[in-house]
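This report describes one protein model, part by part. Please keep the structure in view while reading.

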Amino acid sequence: MSGRLRGAAALALLPLLALTACGSGDTGGTAAVGAQASPVPTDDPVAAVREVASAAALLPADVREAGKLKVGSSIGFPPGAYYPNGTDKAAAGQDIDLADAVAKVLGVELERQDASFETILPALGSGKYDFGTGNFGVTAERLKTIDFVTYINDGQGFAVKQGNTELTGKVTDLTELCGLTIGTGAGTTFEATLTAQKGVCAKAGKKPYDVKVYSENAATLTALQQGRIDVIMSTINGLRYQAAQPASQTAFLGEFHRLDVGFAFKKGSPLTKAFQAAVDELIKDGTYTRILKKWGTSASAIDASRINPPEHT
């Protein structure tokens with residue numbers, strides 16, 4: 001929860017911060033200090049997916065005739081979507097597999113365009129993309145202008161550098177961050193949350209926290225490793241994945257706030273019912289479970305897809 005990495009070598013480096021879920025989706029052009037390559041899972045649960053006529057029939061006639069959909073994808077952060085072998089090779093990740101599987105259920109091909117997070121949602125209204133992916137969290141504010149079809153439950157969390165002595169356990173209240181410097185992604189729900197709650201420290205009689213916003217994922221991790229920030233606020237799945245990479249030298253502090261995550265569409269899109277049916281088909285036939293297991297995100301599984309659910313409180 002949001003430039004893109006230009007160099008193939010930099011794009012292959014892990015861990016990169018998942019600053020999108022609910023947030024950004026930007027990848028950065030700077031390799032993080034201590035980052036290293038991580039193997040790509042080899043399981044291919046999407047290969048066996050076939051068209052389901054009942055779901056495909058829910059698509060508008062013109063889409064069925066064209067047989068294609070344009071998707072704006074925020075790529076660059078594992079386990080959601082990233083380039084393990086450089087931008088001239090195929091993207092990989094949970095969001096990539098789920099979008100590809102939905103397309104196969106609906107009997108259409110995807111025209112995927114790599115885009116930075118902050119450009120995708122506005123572009124939906126203009127028709128540049130038919131839908132967007134980027135670990136977009138469902139919030140009340142976004143629901144005013146965007147339709148969502150949910151596919152996982154992720155959310156907001158925190159991480160610190162290993163050995164940090166100021167924060168050693170789960171953050172349950174932002175007042176625990178008073179006096180610290182927090183790094184997060186531009187245009188994310190994390191930035192919005194931190195900005196909206198900026199006054200909690202003063203009310204508690206404490207020194208306010210400072211927020212530093214980064215447009216590059218690797219730059220945020222580098223800032224943490226070099227001591228320029230004390231804590232990172234980002235996606236639960238992204239931070240958990242990152243902490244599992246020894247070279248990141250980070251410790252995940254647990255979940256702060258859960259959010260549904262979904263495919264994003266312009267308001268009133270005629271595609272939402274078809275996408276919901278496709279996700280439900282993948283859940284029913286077990287493909288969904290295999291995809292999440294492949295990327296280590298099984299804890300974010302949902303029982304059924306929903307269209308425009310209210311934001312978690």
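Glu281 has its place in helix H10. With a relative accessibility of 17%, Glu281 counts as buried, because the cut-off for that class is under 20%. Beyond its neighbours within four places in sequence, Glu281 is in contact with Val52, Ser54 and Val105.

Another acidic residue can be described in the same way. Asp97 is found in helix H4. Its relative accessible area is 9%, so Asp97 is buried. Not counting residues up to four places away in sequence, Asp97 touches Val46, Ile291, Lys294 and Trp295.

**The model as a whole**

The structure is a predicted model. The average pLDDT of the protein is 87, and 88% of the residues score at least 70. Over residues 1–37 the pLDDT is below 50, although this stretch has 170 contacts in the model beyond near neighbours in sequence. The protein has 11 helices and 8 strands. Of its 313 residues, 56% count as buried. The protein exposes about 12300 Å², and carbon and sulfur atoms supply 50% of that area.

**Nonpolar cores**

In soluble globular proteins, nonpolar side chains tend to be buried together. Which residues have the most contacts inside the largest nonpolar core? They are Leu98, Val102, Leu106, Phe263, Phe275 and Tyr288, in a core of 37 residues. At least two residues of this core come from each of strand S1 (68–73), helix H4 (94–106), S4, S8, helix H10 (272–285) and H11. H4 gives the most, with 7 residues. Apart from this core lies another, of 17 residues, which includes Leu177, Ile182, Tyr209 and Leu253.

Phe275 shows how one residue of the largest core is surrounded. Leaving aside neighbours within four places in sequence, Phe275 is in contact with Leu69, Val102, Leu106, Phe131, Val149, Phe263 and Phe265.

**Aromatic pairs**

How many aromatic pairs does a search of the whole structure find? The search finds 8. In one of them, Tyr151 and Phe263 form a tilted pair, 4.5 Å centre to centre with 40° between the planes. This pair links distant parts of the chain, since Tyr151 is in strand S4 and Phe263 is in strand S8, 112 residues apart. Tyr151 is buried, with a relative accessible area of 1%, and Phe263 is also buried, with 1%.

The ring centres of Phe265 and Phe275 are 5.0 Å apart and their planes are at 80°, so this pair is edge-to-face. Phe265 lies in strand S8 and Phe275 in helix H10, 10 residues apart. Phe265 is buried, with a relative accessible area of 0%, and Phe275 counts as buried at 2%. Ring pairs join Phe131, Tyr151, Phe263, Phe265 and Phe275 into a cluster.

**The disulfide**

The count of disulfides comes to 1. The disulfide joins Cys178 to Cys201, with an S to S distance of 2.1 Å. The link is left-handed, with -95° about the S-S bond. Cys178 lies in the loop between strand S4 (146–161) and strand S5 (181–185), while Cys201 lies in helix H7 (residues 200–203); the two are 23 residues apart, and the pair links distant parts of the chain. Are these cysteines buried or exposed? Cys178 counts as buried at 16% relative accessibility, and Cys201 is buried at 0%.

**Helix H9**

Helix H9 (residues 236–243) is mostly covered, as 6 of its 8 residues are buried. The buried residues are Ile236, Asn237, Gly238, Leu239, Tyr241 and Gln242. They pack against S4, helix H8 (217–225), strand S7 (231–235), strand S8 (250–266) and helix H11 (287–295).

**Positive phi values**

The table lists two asparagines, each a residue other than glycine with a positive phi.

| Residue | Phi | Place | Relative accessible area |
|---|---|---|---|
| Asn135 | near 55° | loop between strand S3 (131–133) and S4 | 4%, buried |
| Asn308 | near 50° | segment after H11 | 26%, partly exposed |

Asn135 counts as buried because its 4% is under the 20% cut-off. Asn308, with 26%, is partly exposed.

Notes: Residues are numbered from 1 along each chain as its sequence is written. Side-chain values use heavy atoms; hydrogens and water are left out. A disulfide is a pair of cysteine sulfur atoms within 2.5 Å. Buried means under 20% relative accessible area, exposed over 50%, partly exposed in between (1.4 Å probe, protein chains only). Contact means heavy atoms within 4.5 Å. A nonpolar core is a set of buried Ala, Val, Leu, Ile, Met, Phe, Trp, Tyr and Cys residues joined through side-chain atoms within 4.5 Å. pLDDT is the predictor's confidence in each residue, from 0 to 100. Accessible areas come from the Shrake-Rupley method with a 1.4 Å probe; for residues, only the protein chains shown count as cover. Rings of Phe, Tyr and Trp (its six-membered ring) pair if their centres lie within 6.5 Å; planes under 30 degrees apart count as stacked, over 60 as edge-to-face and the rest as tilted.
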